[in-house]
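Hi there,

As promised, I am passing the structure on to you. My notes on what turned up follow right below it.

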Amino acid sequence: YYPARGPDAYAGVLLPVAGACLDCTEVALKRDDNLDGSYVMRYTVVTTGTYVMQVTLDRIGLAAVPPDLQVVIRAGPVFASACSIVPGTTDPSLTSSVAGELVEFTIEPRDRNFNLNVEGLVGFHFIIDAPLGAPDSFPLVRLNNDGTFAASVRPIQTGTYGLAVVDDSAT
């Protein structure tokens, strides 16, 4: 057994597929030598998208790896501190509103690497801390076509409201 070294070394890369990977960059594969003539190629990707895998020996593609082998990277589980709340047009700061008027915003569920998570979500719901004696505000959350959620609430009475957005997939 002679480990591959120098120009005879195995090398690999994930290349972004044009149009299927907006913010993707090339990802080098890490080669682990099993010390038995075989190797394991590992990679860590933090940006979702579609990549083509290329593995070479002495800069020549390996027959065992098809030249069009695609690897699809999906977002991980929702990570609360990476999620975004995007204000709607009613109040760009989400800090004030008029009693009786609809307050709208968008919830962007994201993973630890800030990728938009568009798969596997159960949904979101609100917990509202309303002023004493205020009637229900009837919050609404619905899934958009792009993986985000449209949310709205209508505070009926004047006062200070607390609004918690809860990820249902975390329970």
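Ala150 sits in strand S12, which covers residues 149-153. This is a predicted model, so please read everything here with that in mind. Ala150 counts as buried, because its relative accessibility is 13% and the limit for buried is under 20%. Its C-alpha atom is 8.1 Å from that of Leu140, and the two residues are ten apart in sequence.

A second pair is much further apart along the chain. Asp58 and Tyr10 are separated by 48 residues in sequence, yet their C-alpha atoms are 6.8 Å apart. Asp58 belongs to the loop that links strand S5 (49-57) to strand S6 (60-61). Its relative accessibility of 34% makes Asp58 partly exposed.

Now for the overall picture. The protein has 13 strands and zero helices, so the pattern along the sequence is simply β-β-β-β-β-β-β-β-β-β-β-β-β. Of the 171 residues, 29% are buried.

On to the charged side chains. How many salt bridges are there? The count is three.

- Asp32 and Lys30: the closest N and O atoms are 2.7 Å apart.
- Arg42 and Asp32: here the closest N and O atoms are 2.5 Å apart.
- Arg110 and Glu108: the N to O distance is 3.0 Å.

Take the Arg110 and Glu108 bridge to begin with. Arg110 is buried, at 18% relative accessibility, and Glu108 is buried too, also at 18%. Elsewhere, Lys30, Asp32 and Arg42 are joined into one network by salt bridges that share partners. The members of that network differ in how much of them can be reached from outside: Asp32 is buried, with a relative accessible area of 18%, Arg42 is partly exposed at 47%, and Lys30 is exposed at 53%.

What does the bridge between Arg42 and Asp32 tie together? Arg42 is in strand S4 (residues 39-42) and Asp32 is in strand S3 (residues 30-33), so this pair links parts that lie ten residues apart in sequence.

The loop between S3 and S4 also holds a residue for your backbone checks, namely Leu35. Leu35 is not a glycine, but its phi is positive, at about 60°. Most residues other than glycine have a negative phi. Leu35 is exposed, with a relative accessibility of 63%.

Phe114 is another residue of this kind: phi is near 70°, a positive value in a residue other than glycine. Where is Phe114 found? Phe114 lies in the loop between strand S9 (103-108) and strand S10 (124-129). Phe114 counts as exposed because its relative accessibility is 53%, and the limit for exposed is over 50%.

Since you may want to look at pockets, here is one of them. The second largest pocket has a volume of about 250 Å³. Its lining consists of Ala20, Cys21, Leu22, Asp23, Thr47, Thr48, Gly49, Asn115 and Leu116. Which classes do these residues fall into? Four of the lining residues are nonpolar, four are polar and one is charged.

Last, there is a nonpolar patch on the surface. Ile85, Leu163 and Val165 make up this patch, which has an area of about 210 Å². One of the three, Leu163, is in strand S13 (residues 162-167). Leu163 counts as partly exposed, with a relative accessibility of 39%, and that value fits its place in the patch because patches take residues with over 30% relative accessible area.

If you open the model with these notes beside you, the network of Lys30, Asp32 and Arg42 and the loop between S3 and S4 with Leu35 can be viewed together. The pocket lined by residues including Thr47, Thr48 and Gly49 and the patch made by Ile85, Leu163 and Val165 could come after that.

Do write back with any questions, and thanks for taking this on.

Best wishes

Conventions. Residues are numbered from 1 along each chain as its sequence is written. This is a predicted model: local features need pLDDT of at least 70, side-chain atom pairs count only at pLDDT 80 or more; totals for chains, interfaces and linings use all residues. Side-chain values use heavy atoms; hydrogens and water are left out. A salt bridge is a side-chain nitrogen of Lys or Arg within 4 Å of a carboxyl oxygen of Asp or Glu. Buried means under 20% relative accessible area, exposed over 50%, partly exposed in between (1.4 Å probe, protein chains only). Helices (H or I, at least four residues) and strands (E, at least two) are DSSP runs, numbered from the N terminus. On a 1 Å grid over the protein atoms alone, a cavity is a set of points where a 1.4 Å probe fits but cannot get out, and a pocket is an open set with protein on both sides within 12 Å along at least five of seven lines; lining residues have an atom within 4 Å of a point. Grid points are joined across faces, edges and corners, and a volume is the space filled by probe spheres set on the points. Ala, Val, Leu, Ile, Met, Phe, Trp, Tyr, Cys and Pro count as nonpolar, Asp, Glu, Lys and Arg as charged, and the others, Gly among them, as polar. Patches are made of residues with over 30% relative accessible area and no salt bridge: like charges are joined within 9 Å, nonpolar side chains (Val, Leu, Ile, Met, Phe, Trp, Tyr) within 5 Å. Accessible areas come from the Shrake-Rupley method with a 1.4 Å probe; for residues, only the protein chains shown count as cover.
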